[in-house]
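Student: Hey, got a minute to walk me through this one? I'd like to start with how the helices pack.

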Amino acid sequence: MIDRSRRRLHFCLRPTTIGVIAIVSTGAFLILPLVALICVIAGGFAYVGCVLAMMLLGLAGGLLAIVGGIALIAGLLGGGSEANGGGVVVGGIGLAGVALHGHWNKPVCAAGEAALARCSEAAELLTMQVFIGHNVYLWSWSVLVIATTCALAVLATIGVLRCEAIVKARLLGIQYTCPTDHERGVPYFRCPKCSTLIRDLTPSPYGIFRACCATCQTELPTLDLLGRLALPKVCRHCSADLVHPAIGKERELHIGFVGAQSSGKTTLMIVSLWQVVQQFASKYGLRVEFADNQQQKTLHDFVGHLESGARLAKTASMARPRAFNVALHTAKGPGGLIYLYDVAGEDFTEEARMSGHRFHRFVDGLVLVIDPFAEALARPSQARAIDRNAWSEVNPAATDVASVFQPFVNRLEQQMNVSAEGMFPIPIAVVVTKMGAMSQTPWTGIAQKRSSAVPVNSCRQGSGEPASVGKKPSSPIREFLLDLGLANLVLGLETRFRRVAYFTTSAIEELPSASRAPAPPRAAVPLLWLFQQAGAIPTAPSAGAGSTTAKSQKAAKQPSQDSQKRRSPAAA
Ligand SMILES: Nc1nc2c(ncn2[C@@H]2O[C@H](COP(=O)(O)OP(=O)(O)O)[C@@H](O)[C@H]2O)c(=O)[nH]1
Ligand SMILES: [Mg+2]
Ligand SMILES: [Zn+2]
Ligand SMILES: [Zn+2]
């Protein structure tokens with residue numbers, strides 16, 4: 001949590017600020033009418049006071065004169081000299097009062113009237129000329145209007161800045177995808193000082209550009225633009241650490257490997273990635289960035305394993321297959337953060353098993369791996385012709401590609417909202433693997449002939465034009481698939497995918513081994529083609545092929561001390 005205490009609340013949004021300004025504005029609005037009212041009341045009091053005073057004087061004087069007269073008459077009749085004296089005094093006072101009333105009444109009442117008139121004039125001046133004439137009734141609210149505008153501006157700024165992630169997703173294709181569970185969205189961050197998980201590090205009334213960790217009060221940036229991505233990131237759905245430094249910075253490119261169990265997907269993924277790092281990065285002016293040293297070491301270990309002639313362990317079937325993340329940085333182009341999804345082959349045979357493969361919703365490109373040996377096995381006439389020894393060496397896929405492709409296409413239709421006849425708007429690289437073992441098959445001649453037509457260093461040559469079945473085949477590899485009996489598959493591919501390209505590889509044979517020289521590097525070509533389709537890398541090797549920056553060379557060589565040993569002569 002960020003610190004959401006009152007003192008962190010933005011000054012313009014504090015209730016006290018708004019409250020005080022509201023009171024000031026109301027006061028400024030009311031003060032003139034109030035003073036005017038007081039003037040009128042004071043004038044009224046003065047007038048009424050004068051009139052009343054005179055009335056009382058006249059009344060009292062008259063009464064006293066009457067009382068004094070009565071007392072005098074009573075004294076004269078009764079012979080009381082005291083009563084006579086009292087009557088004379090009272091009557092005298094009364095007569096004096098009456099006389100005074102007669103004398104003062106007019107001027108005092110006039111003075112009262114004058115006071116009332118002056119006060120009314122003053123009230124009128126205040127209300128009509130100052131309050132209304134000078135628009136005080138409007139200006140008095142200006143402070144409150146300014147304060148409210150400021151508060152709204154602050155809220156609007158917060159709202160706009162909060163759109164950072166949406167803008168990045170729409171314009172730059174940056175989605176913060178979690179490689180563990182394929183969920184997307186701005187991650188949670190950890191405070192670099194106290195490691196507290198902060199779920200709300202985003203512009204808010206408690207910090208527009210910077211907010212404070214509630215635990216240790218460290219100031220943290222609230223926006224990617226201001227350095228938020230440098231903080232440790234955690235997936236908001238599964239709490240996995242998002243370790244790759246390019247997450248949230250580079251646009252994403254999600255590539256899925258599809259194929260039967262044991263068709264060679266994992267081998268192809270590892271060898272192709274290795275070739276990208278070792279042989280193609282410098283040609284295309286790329287710098288390859290791994291999540292961390294551990295990830296680099298994992299790839300290095302896998303390659304070492306394959307080079308030693310050992311087989312890879314079978315890919316475990318996982319509800320959520322974890323993506324392998326690498327970033328490609330180009331000198332000028334956009335580059336991208338690549339997500340490679342290697343899935344256990346058996347997962348493709350049933351749609352239900354793919355339910356957790358959420359990346360299908362946003363996959364950008366596919367690699368369909370075809371094991372020609374599995375296809376031959378499915379067609380006994382072809383299988384009988386192949387040398388028995390070859391089978392153990394190539395470890396043929398458990399099923400043919402058709403049994404994988406159809407359920408996968410069904411799944412993709414649902415996930416990408418494409419109708420049963422619709423086109424998938426993504427490129428698919430069709431890769432015939434294990435071609436290195438072809439020398440032991442009756443296809444030897446075909447394979448060699450076809451292989452020689454396969455591009456080595458330039459992806460462009462490898463992309464079969466999006467040919468439709470029935471037209472003149474544009475790729476020898478496509479013809480080879482037709483020969484293998486995969487016409488339906490080719491038809492399916494070319495009617496459902498907007499861009500299809502055919503490739504052959506012999507991933508294992510492209511790695512150096514003690515017994516033979518490595519075959520030319522082709523495994524990476526399908527991947528490079530997909531990268532190019534997405535615009536992540538240049539469409540042709542850079543002019544100064546091989547002369548990349550020192551940094552990129554260092555990155556390319558880093559995976560192993562003995563990488564020079566591993567360099568394929570073909571790529572050198
Ligand atoms: N000769 C040869 N065999 C390969 C090649 N790629 C894969 N294989 C074989 O196919 C088996 C299955 O490969 P793997 O990559 O694990 O297939 P996945 O189940 O599709 O991931 C491996 O044990 C290898 O024996 C290749 O390029 N050449
Ligand atoms: Mg595998
Ligand atoms: Zn902290
Ligand atoms: Zn996650």
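**Helices, sheet and ligand**

Tutor: Sure. In this predicted model, helix α1 (residues 15-78) packs with helix α4 (residues 142-161) at an angle of about 160°, and their axes are 8 Å apart. Anything over 145 degrees counts as roughly antiparallel, so that's what α1 is to α4.

Student: And which way do they cross, left-handed or right-handed?

Tutor: α1 passes α4 in a left-handed crossing.

Student: Which residues make the contact?

Tutor: From α1 you've got Thr 17, Ile 18, Ile 21, Ala 22, Val 24 and Ser 25. From α4 come Val 143, Leu 144, Ala 147 and Ala 151.

Student: How do those divide into nonpolar, polar and charged?

Tutor: Eight are nonpolar, two are polar and none are charged.

Student: OK, switching to the sheet. What's the strand order?

Tutor: It's an open sheet of three strands, β2-β1-β5, with antiparallel pairing. β2 (197-198) and β5 (233-234) each have a single partner strand, so one side of each has no neighbour in the sheet.

Student: How many bridges join β1 to β2?

Tutor: Two, with β1 covering residues 188-190. Phe 189, for instance, has Ile 198 of β2 as its bridge partner.

Student: Now ligand 1. How many residues surround it?

Tutor: 23, and the closest are Gly 264, Lys 265, Thr 266, Thr 267 and Asn 395. α6 (265-280) and α10 (388-394) are the elements giving two or more residues to that shell.

Student: Which element gives the most?

Tutor: α6, with three residues.

Student: And the shell by class?

Tutor: Five nonpolar, 13 polar and five charged residues.

Methods. Residues numbered from 1 in each chain as written. Chains lettered and ligands numbered in written order. Predicted model: local features only at pLDDT ≥ 70, side-chain atom pairs only at ≥ 80, totals over all residues. Axes fitted to C-alpha atoms, helices over the stretch in contact; angles between N-to-C directions. Helix = DSSP H or I, 4+ residues; strand = E, 2+ residues; numbered from the N terminus. Parallel < 35°, antiparallel > 145°, perpendicular 65-115°, else oblique. Left-handed = near helix turned anticlockwise from the far one by under 90°. Contact = placed C-beta atoms within 7 Å. Nonpolar A, V, L, I, M, F, W, Y, C, P; charged D, E, K, R; others polar. Pairing = 2+ DSSP bridges. Near = placed C-beta within 6 Å.
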